[in-house]
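Me: I'd like to learn how to read aromatic contacts in a model. Could you walk me through this one?

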Amino acid sequence: MRVDYCKENLILKVFPTVGGCFEEGWSVLKKHFLILLLAIIVSGVIDIPMGFNQMGWDDSDSFKIGLASFKFLGFIYYLLVVTPFSYGVDWMFLKASRKKEPQFEEILNGFKKFLFVILSHLLVIGIVGVGFLFLIIPGIYLVCKLIFVPFLIMDKKVDPIQAVKLSFYLSKGYFWTIFGMGILSFLVIILGLICLFVGVLVSIVWIHSAFAVLYKALDDLHFEEACELAGISPESIRN
């Protein structure tokens, strides 16, 4: 983390860096490893049907209608089941990053905000999809800018549009930090693959922890500023 002195408030401010987030994420991993690992495993099991949906099936004419129906049902399953579980996992990691004890049943918390979870995810898919239509760089930029939408939906009393706006402004000035964490995450996954199955699981927990730490840091530092830029009252959306 980068430390700076704020003369106005006479305090030290700690700004997130790529290495600092992964370092703090490792501390989160060590303290809450078993429950966070269990959350990742359950999320992975829930996601297994999506693997079958992405298999290269025979695309002959006799199978096209059935294949299209199967893929459509797969997308519905992903949207209505996998996505809420994913948001619940993000919430557990965020609690752990705040030095609170996550509870396993909180993996279901995404279903408590089911409508906003689904709509926010669809909105992000649509925005990022448009970005990738204009070549890969705009798409990558939008992925980085909207990475905090799941955290915001779970952490604040916001609707999908507010979550998108806040994520955009909360990440202001941190694009390269987020992008750098994405690159480092890829390298961590490669390292995990070298260590076989267990290494991959540890890598995934570590990466999730690092991004939860990043959101926590930016929420602490820039939440009110982001609300002002988005035209939202901070007090109206705090849980």
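Reply: Sure. Start with burial: a residue counts as buried when its relative accessible area is under 20%, and as exposed when it is over 50%, with partly exposed in between. Keep in mind that this is a predicted model.

Me: Is Phe175 buried or exposed?

Reply: Phe175 has a relative accessible area of 18%. Under 20% means buried, so Phe175 is buried.

Me: What about Phe179, and where do these two sit?

Reply: Phe179 comes out at 29%, so it is partly exposed. Both Phe175 and Phe179 are in helix H8, which runs over residues 175–194, and they are four residues apart, about one turn of the helix.

Me: How many aromatic pairs does the structure hold?

Reply: There are 12 aromatic pairs. One of them joins Phe175 and Phe179: the centres are 5.9 Å apart with 15° between the planes, and that pair is stacked. Planes under 30 degrees apart count as stacked, and over 60 as edge-to-face.

Me: Which kind of pair do Trp176 and Phe179 form, stacked or edge-to-face?

Reply: Edge-to-face, with 90° between the planes and 5.8 Å centre to centre. Trp176 and Phe179 also share helix H8, three residues apart, about one turn of the helix. Trp176 itself is exposed, at 66% relative accessible area.

Me: Which residues form one aromatic cluster with Trp176?

Reply: Tyr141, Phe175 and Phe179 join Trp176 in one cluster.

Me: Where do charged ends sit over rings?

Reply: The charged end of Lys145 is over the ring of Phe168, 4.6 Å from its centre. Likewise, the charged end of Lys156 is over the Phe223 ring, 4.3 Å from its centre.

Note on methods
Residues numbered from 1 in each chain as written. Predicted model: local features only at pLDDT ≥ 70, side-chain atom pairs only at ≥ 80, totals over all residues. Heavy atoms only, no water. Phe/Tyr/Trp six-rings, centres within 6.5 Å; stacked < 30°, edge-to-face > 60°. Buried < 20%, exposed > 50% of the residue type's maximum accessible area, 1.4 Å probe, protein only. Lys NZ or Arg CZ within 6 Å of the ring centre and 35° of its normal.
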